[in-house]
Amino acid sequence: MRAILISAGKGERLYPLTKNTPKSLLEVGNGLTLLETQLHSLMDNNIKDVVIIVGYKAEQIEAKIKDYQDRLNITTVFNPFFDCSNNLISVWMARHYMDSDFITINGDDVFTPSVVENLLKCNNDITMVIDQKELYDDDDMKVVHANGNILEVSKTIDTQKANGESIGMIKFSKKGPSIYKSMLEEMVRDPNHRNSFYLKAIQRIIDKGYVVNYSVCNESDWGEIDFHPDLETIRTYLGRYIHLDKVNPPKK
């Protein structure tokens, strides 16, 4: 199993913290960066093949991962359009690494190993990890699901209609990789999709009649860092997301 981390963005909503540092290298606690918590959660699930899509301050990420090259097979893919496009283009840049089963993960997610563990148990072509909560807001990547399938995914879904939230982690297996790659290739040919989220490709896959299933995680098993309060919450309650006794920085 391969993990593809989408970490090319500038993280402008976290300025000035990200003025000289990519979001994935912000320290979230216990001396670890956001990226490192992701790598540890993947290693806990024996996922050692990792592709990181980079762009903004790419050289800093490439320097950091040298600390993990003895335990992981890490490759970076550079998106030269990171500052003038959205993450659909970033994901398309990594299409050559979608030849077998893989998981895509948003570069600003913090998650417990159990989230990945449960996702790996799913044997569907495409499986999206969601959580379910009482209230959703406009910035949530909301979903509508029924009978085990995702029907809609978008930030524009009415908050009263939504019954789940995509956490930014999707597994592609069996026919899933070829379905996804074909859709990405189709969409990047249209300049109107230059600023599209990659989840728009998932919606188009659904609209074409393909089944997208879901795996549910607990709301307390993950966090997303978009704004300054998010970072403070993660730093304060890191133990809710990461088992600190299992997470140790590499020895220098």
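**Exercise 1. Classify glutamate 152 as buried, partly exposed or exposed, and find its salt-bridge partner.**

Solution. This is a predicted model. Glutamate 152 has a relative accessibility of 26%. Buried requires under 20% and exposed requires over 50%, so glutamate 152 counts as partly exposed. Next, look for a lysine or arginine nitrogen within 4 Å of a carboxyl oxygen. Lysine 161 supplies that nitrogen, and the N to O distance is 2.7 Å. The partner, lysine 161, is partly exposed too, with a relative accessible area of 46%.

Salt bridges can also share partners: Arg13, Lys23, Asp108, Asp139, Lys155 and Asp226 are joined into one network in this way.

**Exercise 2. For the salt bridges of glutamate 12 with lysine 10 and of aspartate 140 with lysine 133, state the distance and the exposure of each partner.**

Solution. Step one takes the distances. Between glutamate 12 and lysine 10, the closest N and O atoms are 3.6 Å apart. Between aspartate 140 and lysine 133, the N to O distance is 3.1 Å.

Step two takes the acidic residues. Glutamate 12 is exposed because its relative accessibility is 51%. Aspartate 140, at 7%, is buried.

Step three takes the lysines. Lysine 10 has a relative accessible area of 26% and is partly exposed. Lysine 133 is partly exposed as well, at 22%. Counted by the same 4 Å rule, the salt bridges of the structure come to 16.

**Exercise 3. How many disulfides does the structure hold, and how far is cysteine 122 from the nearest cysteine sulfur?**

Solution. The number of disulfides is 0. For cysteine 122, the nearest cysteine sulfur belongs to cysteine 217 and lies 12 Å away. A disulfide needs two sulfur atoms within 2.5 Å, so cysteine 122 is in none. As for accessibility, cysteine 122 is buried at 14%. Cysteine 84, with a relative accessible area of 41%, is partly exposed.

**Exercise 4. Describe how helix H5 and helix H6 are arranged, and what the buried residues of H6 pack against.**

Solution. Begin with the axes. Helix H5 covers residues 176-188 and helix H6 covers residues 199-207; their axes come within 10 Å and cross at roughly 110 degrees. Angles from 65 to 115 degrees count as roughly perpendicular, so H5 is roughly perpendicular to H6. The crossing of H5 past H6 is right-handed.

Then list the contacts. On the H5 side they involve Ile179, Tyr180, Met183, Leu184, Glu186 and Met187, which meet Lys200, Ala201, Ile202, Arg204 and Ile205 of H6.

Then turn to burial. In H6, the buried residues are Leu199, Ala201, Ile202, Gln203, Ile205 and Ile206. They pack against H5, helix H3 (87-93) and three strands: E8 (126-131), E10 (149-154) and E11 (164-172).

Finally, check what comes after the helix. Glycine 209 follows H6 and has a positive phi, near 100 degrees.

**Exercise 5. Place aspartate 49 in its strand, name the residues it touches, and give its distance from phenylalanine 227.**

Solution. Aspartate 49 belongs to strand E4, which spans residues 49-54. Leaving aside residues up to four places away in sequence, aspartate 49 touches Met1, Arg2, Ala3 and Asn73. Phenylalanine 227 is 178 residues from aspartate 49 in sequence, and their C-alpha atoms are 30 Å apart in space.

Key
Residues are numbered from 1 along each chain as its sequence is written. This is a predicted model: local features need pLDDT of at least 70, side-chain atom pairs count only at pLDDT 80 or more; totals for chains, interfaces and linings use all residues. Side-chain values use heavy atoms; hydrogens and water are left out. A salt bridge is a side-chain nitrogen of Lys or Arg within 4 Å of a carboxyl oxygen of Asp or Glu. Buried means under 20% relative accessible area, exposed over 50%, partly exposed in between (1.4 Å probe, protein chains only). Axes are lines fitted to C-alpha atoms, for helices over the stretch in contact, and angles run from 0 to 180 degrees between N-to-C directions. Helices (H or I, at least four residues) and strands (E, at least two) are DSSP runs, numbered from the N terminus. Angles under 35 degrees count as roughly parallel, over 145 as roughly antiparallel, 65 to 115 as roughly perpendicular and the rest as oblique. A crossing is left-handed if the near helix is turned anticlockwise from the far one by less than a right angle, and right-handed if clockwise. Contact means heavy atoms within 4.5 Å.
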